[in-house]
Amino acid sequence: MAGRGGGGELRLLGTWSSPWVIQVRVALGMKGLSYEYTEEDLSSKSDLLLRSNPVHEKVPVLIHGGRPVCESLVVLEYIDETWGATGTPQLLPADPYDRATARFWTNYVNDTFFPSWKVLFRSTAAEQRAEAFKNVVPRVEALERAFGECSKGKAFFGGDDAGLVDVALGSHLVWIKVVDEVAGANLLDEAKFPGLAAWAERFLAVDAVRQVMPDAGDVLKQYKGFLAKWTAGAGSS
């Protein structure tokens with residue numbers, strides 16, 4: 001399928017439940033772009049993936065007109081710049097200061113929130129989970145404040161439409177929900193984080209998100225498989 005507005009065909013290499021791949025699929029949907037999606041088996045990586053991303057050998061990889069673009073944040077900005085005049089929402093705002101602020105909080109999601117939350121994700125015992133949950137809460141508190149500042153009273157971090165920060169954080173929502181279910185927790189507690197809790201519902205209702213967000217039941221099944229492997233590995237060490 002040909003991508004509209006930038007010239008050349010679009011192909012995305014990914015895995016169905018990866019938040020980093022979900023980010024790119026949401027952005028492509030927001031821009032109204034059609035593309036060929038190829039599901040990768042990361043235990044047996046395709047020659048195309050290895051040729052397209054020889055440095056990291058990871059997904060997502062967006063191939064546009066035969067040329068690969070790698071790393072999710074780089075891909076998101078490439079999409080926004082290449083298809084910036086299509087009459088669709090922009091991931092980054094026009095104002096330079098607002099752009100810098102969006103990049104700052106996107107980096108915060110990737111470099112501060114996610115590593116902290118990943119400890120909770122990888123926890124297999126109740127005590128581990130309780131400690132990890134306690135440690136990630138301050139990261140969510142910072143994001144609650146950021147939402148108030150960035151949204152300026154509107155629906156999304158990006159204002160009236162979802163933007164870069166929305167896509168970066170929102171791609172993790174199904175995983176946050178699944179980990180909460182297993183841990184008996186509620187990270188985006190409406191009582192503590194009313195802005196983020198309401199934002200999450202709005203983001204998941206966006207058409208481009210609904211079309212690509214994986215089913216929580218399928219993700220839960222995958223996560224329980226991960227936990228079983230990690231628990232077995234810990235027991236054999």
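Domain bounds here come from an automatic or database domain assignment. Keep that in mind as you look around, and remember that this is a predicted model.

**Stop 1: the whole chain.** Zoom out until everything fits in the window. The C-alpha atoms fill a box of roughly 55 × 45 × 30 Å along the principal axes. The protein has a radius of gyration of 18 Å, which agrees with the value near 18 Å that a compact globule of 237 residues would have. Switch to a cartoon view and you'll find 10 helices and four strands. Trace the chain along the sequence and the pattern reads β-α-β-α-β-β-α-α-α-α-α-α-α-α.

**Stop 2: two domains.** Select 10-84 and give it one colour; that's domain 1. Now select 96-229 and pick another colour for domain 2. The C-alpha centres of the two domains lie 21 Å apart.

**Stop 3: where the domains meet.** Turn the model until you can see the boundary between your two colours. How many residues of each domain are in contact with the other? Domain 1 brings 14 residues and domain 2 brings 20. The size of an interface is often given as the accessible area lost when the parts come together. For domain 1 and domain 2, about 1600 Å² is buried between them, with 73% of it on carbon and sulfur atoms.

Next, look for polar links across the boundary. There are six residue pairs in polar contact between the domains, counting pairs with both residues at pLDDT 80 or more. Which elements give two or more residues to the side of domain 1 that touches domain 2? Select 19-30 for α1 and 72-82 for α3 to see them. Helix α1 supplies the largest share of that side, with eight residues. Sort the residues on this side of domain 1 by type and you get nine nonpolar, three polar and two charged.

**Stop 4: salt bridges.** Side chains of opposite charge can pair when their charged atoms come close. The protein has seven salt bridges in total, and one salt bridge runs between domain 1 and domain 2. To find that one, show the side chains of Glu77 and Arg103, which meet at 3.0 Å, N to O.

Now select Asp80 and Lys31, another salt bridge, where the closest N and O atoms are 3.0 Å apart. Asp80 sits in helix α3 and Lys31 in the loop between α1 and β2 (36-39), so this pair ties together parts that are 49 residues apart in sequence.

**Stop 5: two backbone oddities.** Zoom in on Val59 and Pro60. Is the peptide bond between them cis or trans? It's cis, with omega near 5°. Pro60 lies in the loop between α2 (47-52) and β3 (61-64).

For the last pick, select Glu71 and check its backbone. Glu71 isn't a glycine, yet its phi is positive, at about 75°. You'll find Glu71 in the loop between β4 (67-70) and α3.

Key
Residues numbered from 1 in each chain as written. Predicted model: local features only at pLDDT ≥ 70, side-chain atom pairs only at ≥ 80, totals over all residues. Heavy atoms only, no water. Contact = heavy atoms within 4.5 Å. Buried area = accessible area lost by both parts, 1.4 Å probe. Salt bridge = Lys/Arg side-chain N within 4 Å of Asp/Glu carboxyl O. Polar contact = N/O pair within 3.5 Å; in protein donor to acceptor, adjacent residues only side chain to side chain. Nonpolar A, V, L, I, M, F, W, Y, C, P; charged D, E, K, R; others polar. Rg over C-alpha atoms; globule rule 2.2 N^0.38 Å.
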